[in-house]
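Trainee: Before we discuss how the interior of this model is packed, could you put the sequence and the structure up for us both?

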Amino acid sequence: MRIIELSFTNINNLKGGPHRISFEEGHLSTAGIFAIVGPTGSGKSTILDVITLALFNQIPRFGKSISKSELTSLGSVITHHTDQASASITYEVNNARYTSTWSIAKNRNGKLKDYEMTIANGIGEYLDLKKSEVPGKNEQLIGLKYEQFLKSIILSQGEFSRFLKAKKNERGELLENLTGTSIYRKLGKAAYEKCKVLEGELKQKSDTLTLVSLLSDEEITQITLELSTAEKQKVELDNSIEQLRGLSQIKLEIQKAQEGIQVKVNEEKQLETELQRFEPELNKLAIHERLNPIREPLTLYKSAQHNVQETSKNLERYNIALTKANEQFSAAIQQMSALTQQSVTAETFNPVMLAFEKNVSKLDEELKYLISKGQDIRKDIDSKLLSYRITLQNAVSPTKATEELHSKRNLLLNQLSTASIAIDSDPTLLSESIQLIRVAIDILRQYISLSDQVSKLKEDQGILNRQLTDAEHEVKRLNPLIEKSKQLISTLQDNESNLLKRKDDALKIASLEEQRAQLVSGEPCPLCGSAEHPYSEHLEAATVDKILLEIESNKAKLSQETSECAQLNDAFIKANNTIVITKGQLAKVLEEQTRLNGLLADVTSSWTGKPFNAQSNSLELQQHYTQQLKQEEVALLALQQLKVVDQLIHSYDQLGIVSGDYKSKQQERTQIYPGKDPTAESNAIQNAFQAAKTSKDENQKAIEMESQDLVRAKQMAEEAGQAIKPKLVELGFTAIDELQAQILTPIQYQTITNNKEAFARRQTSIATELQGLRHILEVNTTLDKHPETTLLDINTELLQKKQQLDVLGNTIGSNTEKLKQDKAQRENQSELRNQITALQKELEKWSLLKLFIGDATGNSFANFAQGLTLQNLIVYTNKRLEHLTDRFLIDKPKGDGLLQVVDKYQGNILRSVSTLSGGETFLLSLALALSLSDMASKNVSLESLFIDEGFGTLDQETLDVALDTLEKLQSESQKTVGVISHVEALKERINVQIKLEKNAQGYSTLSIVG
């Protein structure tokens, strides 16, 4: 995987954008090593954040995926006071290019919307993916998961410096964090916990099984018999109770019918009383119906009288409204006169208002133009100040800013004078001079470094020669000792064979002792037939015990001599290996000396300045050029800023003129109208004027119409009265008002009619219900076969039988429950046994896991896994060290101690890492970091690498060694290596830089220099 380009907007303190970093264009396209430099907090790590954010929606320092809620709570990633942010990376894998983009924005309410992610191929076509699928697709294309990517691409060298010097426990924690092997600790702990849980479950199930209680066969037979008897008795009781309930219902129906008949008779009497009280209402209804022939003219008369009254009230209300409209009309004219500061009449109202609005609007447009012009000048000033890093302390007014700029101009002139640079000097020529000085400083630095390395190699050559001489002497000393030891071992081995043979013979003789004791002189031997037995009395048999002691003594000597011989052989082999290794190292030292001398010759030949050598004036010359470089850089900046300062003085003069014009126009506008919106205010007055005028006209018309209506209403009332008077005598009334009092209102008429109909319905209902109740009484009296038995007697007997039924029900329920529980217990017992069998099988597997990898803390399996991981890491590291240095190899620690290194320059002795210098520690920690990258990436080709931390504590000499190592790494691996640091010497050594600078507001700017 190779990173092609980064692009981002508003990430952390890098405001604005898009900021673009291309590794195929400009200085970065040819730089094998580049530096990301800037002060603390300027945003160096932000560039690494852009990479992981665009690929995986994650940032290392947060530890989880980014969401809008996370961004809101953390208050990070998005630059403060901005509405959107984005991060984009273009990378190449397997000759194919992809661009992965992350973005987020705020809505109109200032709230964050959800983030978006996309992937486009090399021709700009977007892959059909949801945003949640983009990180996984990037992992698939690159061949690395997020955690692997961090360990492969972004190396924190400081972590490995701590890892080198950590003891066992701390080293284990660091190794887990670096390699992500904490899963093994979790697995060991999980195996222990799972086994513990299964053992607890098995014990609990076994304890529960012992508590299960079952009925005996005799108990089950007895309970079943009792249950059958009780169920038969229950059937008989149910039949008896059903009969008693039927008789009780008949008695109850008779009682209810008798009581209902008495209630209805009482209701009949109550109804008659209510009808007597209702008689006057019926009389009113009769009179009302008698007056029906004249109801229509009477209604017409009443309506005419009502119209006269209502029209009089309306006429009075319109007169009041007309007076109020006249007052509002006059008030609107006075308000417009006060607003425009002119005399206004009803006829001149609109022309005066329009002229006033036009005048104020013209002044507002002129003020807007002056504001826009001032803003443009101010924007140009701010751009120049920011671009050329000019800071003004008193820029509150153009006058003060101009004064300060004149002071700054004098200061810049003094700087040019100090550097002996003319004000009309060509900045291009000065830049070329600065570049030449930088080249000279670089050549001097290389010369000094190479000279120091040559001196060091001479010292190493002397050490190796001494080691070679010592090893050759040791070989000569060991040769005769080894030969003598081998001869002694051969003699001891022959002795052992002879002793074993003697032991066998002694054992045979011992087995014949009993037969030899029975031999009689003159009698033949049962084995050989001889009559003479010379050994039966005159020879003593050798004892087996004595021979065994001699064998053990010989074995001890043989073992000791063999061990000593092996030690001599090991020492001999080690000495020979030392000779071979030392000769190889000497050859490499000589080869390196030849290479360095060649480089020194190249450096010396490229020098065109004053002659020098490493022993005399090279350092002084370097310091002289460094001082000259600083002076000319200051002078170049002063030349650039001087031109801008003159431009700024002119811009501030223009800004002062615009500001004066603005104040004059603002004063004129305030005199005419001090408010904000003249149109809105005049429109409000105009609306009031128009509304008052309309109201006045409408009320005048209404008064005319209401006056005419009043005359007509009075005439109609007089005509209706004359039509009614002839019929008054016929109906027995003397006045129209008296006649009207007898006519019911519709509500009164309807109420009396409804009540009359209700009384009729009640009479019918009572009669019908009485007839039904008497029929029910007659039917149930016929059905009652036991008239002498009372309802109380029946209910008493019914209660007794229910109590008997309850007792039987309890007996049935209790016995049924006992049988049910026994069945459940038997099923539970069977289920428990099945569960215990399954748990025992499961526990057997987990017990084996616990035995091999489990413990309460997870240390057992974690330590085993860490041992393997550490072994692999050491193998990878030693392979990396072969390309970085030929002096050291890393070796596993002894017990719980520190890591050790094999120092090839000192006869392969083992040294603790705590004895290493800063530069040596850097080499080993860098090799560890690169090795972890190799382990994490495996077969994935990585052509981009970023190294963070580890340079801040190095002295100048060690820093030179470190940078030489990085340059060697880059030339051998062809990776693009980015180094993140704020160390000044590193900035000077690495020419191509991504430079970050903070301004006074806390934001940073990004530039690429080389």
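Trainee: How many cavities of 30 Å³ or more does the count give?

Mentor: Since this is a predicted model, the answer applies to computed coordinates. A cavity here is a set of points where a 1.4 Å probe fits but cannot get out. With that rule and a lower limit of 30 Å³, the count is one cavity.

Trainee: Which strand supplies the largest share of the lining of the largest cavity?

Mentor: The largest cavity, with a volume of about 30 Å³, has Ile3, Phe23, Phe34, Ser944, Leu945, Phe946, Thr976 and Gly978 as its lining. Two strands, S11 (944-948) and S12 (976-981), each contribute at least two residues to that lining. The largest share, three residues, belongs to S11.

Trainee: How many charged residues does the lining of the largest cavity have?

Mentor: Ser944, Thr976 and Gly978 are among the lining residues, and Gly is counted as polar in this classification. By class the lining has five nonpolar and three polar residues, while the number of charged residues is none.

Trainee: Which helix gives the most to the largest nonpolar core?

Mentor: The largest nonpolar core has 50 residues, of which Ile21, Ile51, Leu55 and Trp102 touch the most other members. The helix giving the most to this core spans residues 44-56 and supplies eight residues, and it is H1.

Trainee: Which residues does Leu55 contact beyond its neighbours within four places in sequence?

Mentor: Leu55 is one of the residues touching the most other members of the largest nonpolar core. With neighbours within four places in sequence left aside, the contacts of Leu55 are Met1, Ile89, Tyr91, Ser100, Met117, Val134, Pro135, Asn138, Ile142 and Phe149.

Technical notes
Residues numbered from 1 in each chain as written. Predicted model: local features only at pLDDT ≥ 70, side-chain atom pairs only at ≥ 80, totals over all residues. Heavy atoms only, no water. Core = buried A, V, L, I, M, F, W, Y, C linked by side-chain atoms within 4.5 Å. Buried < 20%, exposed > 50% of the residue type's maximum accessible area, 1.4 Å probe, protein only. Helix = DSSP H or I, 4+ residues; strand = E, 2+ residues; numbered from the N terminus. Contact = heavy atoms within 4.5 Å. 1 Å grid on protein atoms, 1.4 Å probe; cavity = no way out; pocket = protein on both sides within 12 Å on 5 of 7 lines; lining within 4 Å. Points joined across faces, edges and corners; volume = space filled by probe spheres on them.
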